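Please examine the structure shown below with attention to its secondary structure elements. The account that follows is meant to be read alongside it.

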Amino acid sequence: VAGSPKEAALLDAFGHSQAAREVYGCDFFRWKKKFPQKASFEQMRRYQESESIHAVHKEDKSLKSGMTVAMTQVFESKFKMLLEAGAFRSLCMHLAERSDTVQNIDLMAVAGFCRNCLAKWLVLEARKLATTIRGVCQNNFTEEEEELLLALDDFGYEEAAEIVYGCRYEDWKEAHQRKATDEQIARFNGSASIHAKHDKKLLESNVDGSESNVEAKPRTMAVQQPSKRSPQKSSSSPWTPKVKSPQPSDVCCEDVDTPQSNASTRVPFTRNGGTPKTFRPPPPPRIDLSLKIGILTVSDRAAAGEYETGDLSGPAVEQSLASNMGKLNSRRSQSDGTTAMINFVAKAIVPDEIEDIKAQLLSWCGKDGGGSGMDIIFTTGGTGFSSRDVTPEATLQVIERECSGLMSFVATECASIQPLAALSRGTAGICGRTIIANLPGNPNGVGQCLDILVPLLLHAVKDLKHGDD
C-alpha cells in the first residue's frame, strides 16, 4: 500500500486514538462522556459468559499513535478507505470463526445489525458507487467504465452474502443456524427500536439495466470481490445473471417468502466438490489454542500485479481456515469448554524464486531474530511440474524435520474428488516451532486440502506447543 518511506511512516503513526475516532465518530473519551450509561447486572453477566468468543488484541506500543494534524489529512485522502476495507474483512472473519456461538438473532438484539445487514450495506455501496460513476461521466463512458457499471448493477444480495459468510448463505444456515429460543426471541423483539432498516429495492440485481444508461452486453471484466476471503465460486458465477433467490427481510433473521429453518441439528456443509467422503476428521484437541498463521502466495504473476482480480489463492486460504475453525469448534462436546481461534494472520506474495520463498519462510519461523514465529505457515502455489514451480524445493531447504506422509495423504484424499490433485508435489515439515504446509495454487484445491489439513494440524500444533508440558 505504502509506496514511499513517508507513506510508510504515516501508516506507522496511525494508532488507536485515530482508529477510535473513525469508529465512534468522535474522540473516545468524549463519546464515553456523552453516553455514560452504566452496564446493568444482566449485561455484565452476558459479557462474562461470552468471554470465550471475545476478540483478543495485542496490548503493546504499536497501538499507540503519533499522528499530527497534517498527517491526518494525508491519511484521509490516501489510506482511510483501504484500512476500512481491511477492518470489514477482519469483522467478517471474526464472525465466521464464531458462526455456531454467535447467531444472527443475537447480533440483532445486541447491536441492531447482523451478518445479513453487512451484506445489504455492501450492496448499498455498490449502488452508490454506480450512481457516482454515472454522475461524473455524464453518460460518456469508456469501455472499462461500462464493464464496471454492469458489474456493479449485477451485484446483489446473494453475492454480497457470500462475501460476508464466506460461503453460500443457504449453506451457512444449514450448517450453523439453530432454532431461536424463547429468550432470544424476547431479546430480539425488545430491541426492535435499534434494528437496522434496508431498502429492499436496492438489494435486487439491476441485470436488466433498468436504471442504467449502459447497453447490456456479456461481461468479460473480472471484478475482485472486495472482502471475500475465498474466491471459490458457487455453481453459478457471481457476475452472471441468475434467478433471484428470496431476499432476507428487514428483520434479517428471516427470509421473505420462505420459512425460517427450524433445524436444530447442525449438519457440516461442503464447499465446491466437498470434503472426500472417506475422510473422517478427528475431534479437535481439548485445549485452548491461539494461533498465528502465515499465508504465503507464491506466484510470478501475482507478485508482479498482473492479475486483474489480484491474488485469489491467498484469500481462499484465509476464508477456508475461518470456515474450518468454526466447524471444528462446533463439533466440541457440551463438556468441552476449550476453543481454537486464529488471532493473527500475516500475508505476503513472492515470485517463484527459491531465495525469495526461503527468506519469507525463515522470517515467519522467527529465524531472522524478529521474535517468535508463526504456528502454521501455508504456502499456496508453485507445487506443480513447471520449471518455475519450486515451492517444495524451497520448503525442504527451510524445514528441519519433514512430515513426508502428511501432504501425500492429503493428495490421495483429494484425488477422489479431482484426480489431478495427485500431481501436487507439495510437502510439509517443521522449522523450529512452526509447521509449514504447501498448498496448490488453485483456490478450489486450497479449500479441499484445508478441509483435511486443519483438523489434523490442530493436533500437530498442540504437540509442538504443549508436548513437553
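The paragraphs below treat a sheet and then a pair of helices.

The model is predicted. Its open sheet contains six strands, arranged in the order β2-β1-β3-β6-β5-β4, and the pairing within it is mixed. At the edges of this sheet lie β2 (340–350) and β4 (401–402), each of which pairs on one side only.

The interior of the sheet may be followed strand by strand. Strand β1 (residues 289–298) and strand β3 (residues 376–380) run parallel and are joined by five bridges. Within this pair, Ile295 stands opposite Phe378 of β3. Strand β3 is in turn connected to β6 by five bridges, and these two strands also run parallel. Here Thr380 has Leu439 of β6 as its bridge partner.

How is strand β6 placed with respect to solvent, buried or exposed? Strand β6 (residues 434–439) is mostly covered, with six of its six residues buried. The side chains divide between two directions: Thr434, Ile436 and Asn438 point one way, whereas Ile435, Ala437 and Leu439 point the other way, and all are buried. Leu439, the partner of Thr380, thus belongs to the set that includes Ile435 and Ala437.

The pairing sense changes at the next step in the strand order. Strand β5 (residues 428–431) pairs with β6 in the antiparallel sense over four bridges. Gly429 has Ile436 in β6 as its bridge partner, and Ile436 points the same way from β6 as Thr434 and Asn438. Strands β5 and β6 form a hairpin with two residues between the strands, where Gly432 takes a positive phi near 65°.

Attention now turns to the helices. Two packed helices are described by the angle between their axes and the distance between the axes. For helix α8 (residues 115–137) and helix α10 (residues 157–165), the axes come within 8 Å and cross at roughly 125°. Because this angle lies outside the ranges for roughly parallel, perpendicular and antiparallel axes, α8 is oblique to α10. The crossing of α8 and α10 is right-handed.

Which residues of the two helices meet? From α8, the contact involves Arg115, Asn116, Leu118, Ala119, Lys120, Leu122 and Val123. Their counterparts in α10 are Tyr157, Ala160, Ala161, Ile163, Val164 and Tyr165. Classified by type, the contact of α8 with α10 comprises ten nonpolar, one polar and two charged residues.

Methods
Residues are numbered from 1 along each chain as its sequence is written. This is a predicted model: local features need pLDDT of at least 70, side-chain atom pairs count only at pLDDT 80 or more; totals for chains, interfaces and linings use all residues. Side-chain values use heavy atoms; hydrogens and water are left out. Axes are lines fitted to C-alpha atoms, for helices over the stretch in contact, and angles run from 0 to 180 degrees between N-to-C directions. Angles under 35 degrees count as roughly parallel, over 145 as roughly antiparallel, 65 to 115 as roughly perpendicular and the rest as oblique. A crossing is left-handed if the near helix is turned anticlockwise from the far one by less than a right angle, and right-handed if clockwise. Contact means heavy atoms within 4.5 Å. Ala, Val, Leu, Ile, Met, Phe, Trp, Tyr, Cys and Pro count as nonpolar, Asp, Glu, Lys and Arg as charged, and the others, Gly among them, as polar. Two strands pair if DSSP finds at least two bridges between them. Buried means under 20% relative accessible area, exposed over 50%, partly exposed in between (1.4 Å probe, protein chains only).
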